[in-house]
Amino acid sequence: MTELLLAALLAMAVVVFVSVPFLRADPPPQAADPDQDALAVAEERDRALAELKDLEFDHRTGKITDEDYRTLVQPLRRRAAQSFRNGGPLSSETAEPASEQHFSERSLPSSRSDR
Amino acid sequence: MPDLGRAALIVCLGLAVYAVVAGAFAAYTRRRRLAESAENAVLASFLATLVASGVLLAALLRHDFSFVYVWRHTSLELPRPYTVSAFWGGQEGSLLLWLLILTGFSAAAVLLGRRSARSLLAWTVPVLGGVITFFAFLLVAISSPFATQAAPADGLGLNPSLQNPYMLAHPPFLYLGFVGLTIPFAFAMGALAARRSDELWVVVTRRWTLVAWMLLGFGQLLGAHWAYVEVGWGGYFAWDPVENAALMPWLAATAFLHSVMIQEKRGMLKIWNVLLVVGAFALALFGTFLTRSGILSSIHSFTEGSIGPWFLGFIGLVVAGSAALIVSRLPLLRSKTRLESPVSREATFLYNNLLLVAFCLTILWGVLYPILTDALRGEPVTVGPPYYNFFLKAFGLPLLLLMGIGPLIAWRRASLRGLGRTFAWPIGAALLTGLGLLALGAGSSIPGLVGYTFCAFVLASIVLEFSRGTRARRALAGGSWPGAFAQLVGRNRRRYGGYVVHASIVLLAIGVVGSSAYDTTHQQRLRVGETMAVEDYRLTYRGATSERGANAVEVRAVVDVERNGKSLGTLQPGKNNYLAEQQISNEAAIRSDRLNGEDLFLIAEQITPNGVFLKVLVKPLVNLIWLAGFVFVGGALIALWPDAREQRRLAVRYGRHEALAEA
């Protein structure tokens, strides 16, 4: 008898829990389909920035020669700039040194030799 | 309380069916309340499974033999920890543990998804509900742990080989890994069903995959250690079909964790990544099918199997359904980017993926071949360790080498000049190691020598990566060396956690090569007082003892051990005669040398007060395998640790859309 009572309580509890969204006055939050084009632009912008950071890091750790760096960096910068134009700037928090570093002339490897 | 257990499982099944039907209808018709109700059904299914599990656990602890399951897998004499582990010691209980983990993970995925990926949940919930439905149905209709009978006075006991501390942890870890692969699968299918072309599903599932992969890998190492200390044949991995079944999804998940980086960084391999996620999940189901169908004989399998056809049908449904969904969404999955150069970081990731998948498929073929020949010819053709060992070397050694090459190559493309400069140190270290080992006599095994040379190359490349990265970080930000090192790891936990995992694989490889290519085996009959010599060890038989343990008669051969004239104490290999189970188990004696990682491994047969047949194995470096497990978990945890900077970046990318949608 106790078992049946407990089973009934369990069933009732889950029915109430599952019904809660229908009992609330305010509708539950639900995400509509995000704008796929806007997301694609945001992803492209982040990807371009990440590639610039990787290139910079690979160069600093000696995996890329100065010559290769110069060849690779310009198209990447153009791509990043284009993605910023398409998607708008990042918040200051996320843009942080990546963009400053990669878009400033100071980060060019003019003084670095290919040892 | 069996009725409560049964009722709880029926409630769970009802909730799961509701999550499928209501969830799919809500996603299709965009009904907000119904969608949240379906999510709540997934959450509540965890509560219902928790109740059912509590009932079974209570029955086990109370030795309630009116439960057929408790009677079949425990006895009054069974020690308490193994009475608890009997929960997963049989078919029905282990299925219930599976369902408990599945509903628990699904509930966690829903709760976390509500915060970070609400827009993906709509179609993910029905997929999760579908998988829960299958397992709950099995437990309700096919293989119930709550079958009852008139209570006998005592139970049949637990299989002696399961009465080992490692069996307290090995199966749960393995199940956590297997079941964890459901979540990436559900999110991938949910994203495809919702026609999403963005990478939110990748961001959400990457961490889930890493968790499942870590747990599955650690679970396998625990299982290997269990086999080593309990099964008593001196090995730790025998290419048993069930062991292979756990290895295959791990290999597929390893490939995914690498290739997903290419998708994130370059927008490539989208179809490949979805296929890997589906493959890992399907292989986890296939492993479960192998263990439970009774289709093959293995020390790890449950012999009673009426659920095989159901599993086969479900695997077919998963594979066919996923394939249809992927094909229908191919235009969304096409990459715009192409591989720029065959000599680049992304290219090495691709080679790594091809080797991992090829190895996985080779193992799958080795598992399937005996089953197919049995079905077609009526006579199974056994595929033994030589087949697997050949492919382990053929694919494993290049994979090892790639672990060293990959981190040293730049993204996009690398020139020969850059490569020469980067590779000089690791190649030098590898050559020095190889020549040194050759001079020390390690040339007796060419694969062993090549393996160690590659290990040196990988370790040198990892050290180089850390040192160059730290130097670059310090040059950029200043500060102390330890500070620069901490910043380096902290700012890219995935990369450097990954390198630590690579180091663990090197440790594993060193241990496997040492203990298999350079081990020594010697066996001899000894009378009391007689001595045998193996390598530097001298072993003297002192006689036999017999004691009544908690639930077994324990017979031991007493063997004095000396090394280079110095006494190392006494080892006592022997046998346990389990009374309730009426089975005898081999109890190996192992002495580990913590300094050089070597084990002295003794197996005793035909033990009498006058003599013993002693098998002695000396296994160099075998303890590095177990050490590798801890390093592996450490590396995975570093990679898993939340990165506030990355989270802020993702919040900007996705949060805005989620927030706009919620407004």
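**Exercise 1. Find the stretch of chain A where pLDDT stays under 50, and say how many contacts beyond four places in sequence the model has for it.**

Solution. This is a predicted model, so start with the confidence values.
- Step 1: scan chain A for the low run: pLDDT stays under 50 over residues 91-115.
- Step 2: count contacts for that run, taking heavy atoms within 4.5 Å. The model has 45 of them beyond four places in sequence.
- Step 3: look at the elements. Helix 4 of chain A (residues 92-103) has the lowest confidence in the chain, with a mean of 41, while helix 1 (residues 2-23) has the highest, at 90.
- Step 4: put this beside the chain as a whole. Chain A averages a pLDDT of 73, and 68% of its residues score at least 70.

**Exercise 2. Work out which residues line the largest cavity, and which element gives the most to the lining.**

Solution.
- Step 1: list the cavities. There are four of 30 Å³ or more, and the largest has a volume of about 60 Å³.
- Step 2: collect its lining. From chain A come Glu51(A), Asp54(A), Leu55(A) and Asp58(A); from chain B come Lys265(B), Arg266(B), Trp411(B) and Arg412(B).
- Step 3: assign elements. Two of them give two or more residues to this lining: helix 2 (36-60) of chain A and helix 10 (241-266) of chain B. Helix 2 of chain A gives the most, with four residues.
- Step 4: sort by character. The lining has six charged residues, two nonpolar and no polar.

**Exercise 3. Give the order of the four strands in the open sheet of chain B, and explain why one side of strand 1 and one side of strand 8 has no neighbour in the sheet.**

Solution.
- Step 1: read off the order, which is 1-10-9-8, with antiparallel pairing.
- Step 2: check the ends. Strand 1 (520-527) and strand 8 (589-592) of chain B each have a single partner strand, so one side of each is left without a neighbour in the sheet.
- Step 3: add the twist, which averages 20° from one strand to the next.
- Step 4: zoom in on one pair. Strand 1 is joined to strand 10 (residues 611-619) of chain B by eight bridges, and Thr521(B) has Leu617(B) as its bridge partner in strand 10.

**Exercise 4. Which residue takes a positive phi in the hairpin of strands 6 and 7 of chain B?**

Solution.
- Step 1: confirm the pairing. Strand 6 (residues 574-578) and strand 7 (residues 583-587) of chain B run antiparallel, joined by five bridges.
- Step 2: pick a bridge: Lys575(B) is partnered by Asn586(B) in strand 7.
- Step 3: go to the link. Four residues lie between the strands, and Gln582(B) takes a positive phi near 55°.

Technical notes:
Residues are numbered from 1 along each chain as its sequence is written. Chains are lettered from A and ligands numbered from 1 in the order in which they are written. This is a predicted model: local features need pLDDT of at least 70, side-chain atom pairs count only at pLDDT 80 or more; totals for chains, interfaces and linings use all residues. Side-chain values use heavy atoms; hydrogens and water are left out. pLDDT is the predictor's confidence in each residue, from 0 to 100. Two strands pair if DSSP finds at least two bridges between them. Axes are lines fitted to C-alpha atoms, for helices over the stretch in contact, and angles run from 0 to 180 degrees between N-to-C directions. On a 1 Å grid over the protein atoms alone, a cavity is a set of points where a 1.4 Å probe fits but cannot get out, and a pocket is an open set with protein on both sides within 12 Å along at least five of seven lines; lining residues have an atom within 4 Å of a point. Grid points are joined across faces, edges and corners, and a volume is the space filled by probe spheres set on the points. Ala, Val, Leu, Ile, Met, Phe, Trp, Tyr, Cys and Pro count as nonpolar, Asp, Glu, Lys and Arg as charged, and the others, Gly among them, as polar.
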